[in-house]
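Take a walk through this structure, one side chain at a time. The route runs from aromatic rings to a helix and its surroundings.

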Amino acid sequence: MYNYILFDLDGTLTDPAEGITNSVSYALEKFGIIVSDKRELYKFIGPPLVDSFMEYYGFSEEDANKAVAYYREYFKPKGIYENAIYDGTVSLLSELKKQNKTVILATSKPELFAKEILKYFSIDGYFDFVAGATMDKTRNKKSDVIAYALSECEITDLKSCLMVGDRNQDINGARANGIDSVGVLYGYGDRQEHEAAGATYIAETVEDILKFVIN
């Protein structure tokens, strides 16, 4: 029986592709890098931005931090709203609350932005706690975000916790904290990625998530 359900945000509750890829493209252009097909930037959805700029474009840590600052120049006023909530998300969250589940957001997106997005889509009321990254990157990786959420919510029964996310960072973060996980296939990760990371369950649709939560 899972009583605490932790959700990733990007690629799990909402589809942020337009806003994130536009923001990354804006940042890269500051370095003279033009990306003609923004689908190439889907790999930025999920992982911490600094890591992605370093991994995918060979940026130094200093330049990666500059790129994140440029990213936020676009994202904060505009990109944050270039987003869409997945069909079925509201019904899922509503049913979880009817079942008296504690619903927690655990995202690598800065907490400030995450709260704004939940409010924008009018789903903030379903969440008992919001855990996100800090702007200064002291809490950045998904495993640290999950650990923070568990600590702040004073959750000690790890067997009653379930992390739901679309990328291997979500699955790895859950495993690092000793909790089960659901890898979703409608976001930006695939079955191979989730299986390799050791997902406890795999959900093809938003509706499938309930099968693993409600007995």
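Start at Tyr70, in a model that is predicted. Tyr70 has a relative accessibility of 26%, so it counts as partly exposed. The limits behind that label are 20% and 50%: buried lies under the lower one, exposed over the upper one.

Now look at the ring next to it. The structure holds 17 aromatic pairs. In one of them, the centres of the Phe31 and Tyr70 rings lie 5.9 Å apart with the planes at 75 degrees, so this pair is edge-to-face. An angle over 60 degrees is what earns that name. The two partners come from distant parts of the chain, 39 residues apart. Phe31 sits in the loop between α1 (17–29) and α2 (49–57), while Tyr70 belongs to helix α3. Phe31 has 29% relative accessibility, so it too counts as partly exposed.

Compare a second pair, Phe53 and Phe59. Their ring centres are 5.8 Å apart and their planes meet at 10 degrees, so these rings are stacked. Here the cut-off is an angle under 30 degrees. Both Phe53 and Phe59 are buried. The two pairs belong to one aromatic cluster, formed by Phe31, Phe44, Phe53, Tyr56, Tyr57, Phe59 and Tyr70.

Next, move to helix α5, residues 111–120. Which of its residues are buried? They are Glu111, Phe113, Ala114, Ile117 and Leu118. Viewed down the axis of α5, these buried residues fall within an arc of 160 degrees, so they line one face of the helix. The face turned away from that buried side carries Leu112 and Lys119, which are exposed.

What covers the buried residues of α5? The cover includes two helices, α3 (61–75) and α6 (142–152), and two strands, β4 (102–110) and β5 (129–133). Helix α3 is also the element that holds Tyr70. Just past the end of α5, Ser122 takes a positive phi of about 60 degrees.

Finish with the loop between β5 and α6, where Asn140 is found. Asn140 has 16% relative accessibility, so it counts as buried. Leaving aside residues up to four places away in sequence, Asn140 touches Pro48, Ser108, Ala133 and Val145. One last ring deserves a look: the charged end of Arg139 sits over the ring of Tyr148, 3.6 Å from its centre.

Terms used. Residues numbered from 1 in each chain as written. Predicted model: local features only at pLDDT ≥ 70, side-chain atom pairs only at ≥ 80, totals over all residues. Heavy atoms only, no water. Buried < 20%, exposed > 50% of the residue type's maximum accessible area, 1.4 Å probe, protein only. Helix = DSSP H or I, 4+ residues; strand = E, 2+ residues; numbered from the N terminus. Arc of directions from axis to C-beta. Contact = heavy atoms within 4.5 Å. Phe/Tyr/Trp six-rings, centres within 6.5 Å; stacked < 30°, edge-to-face > 60°. Lys NZ or Arg CZ within 6 Å of the ring centre and 35° of its normal.
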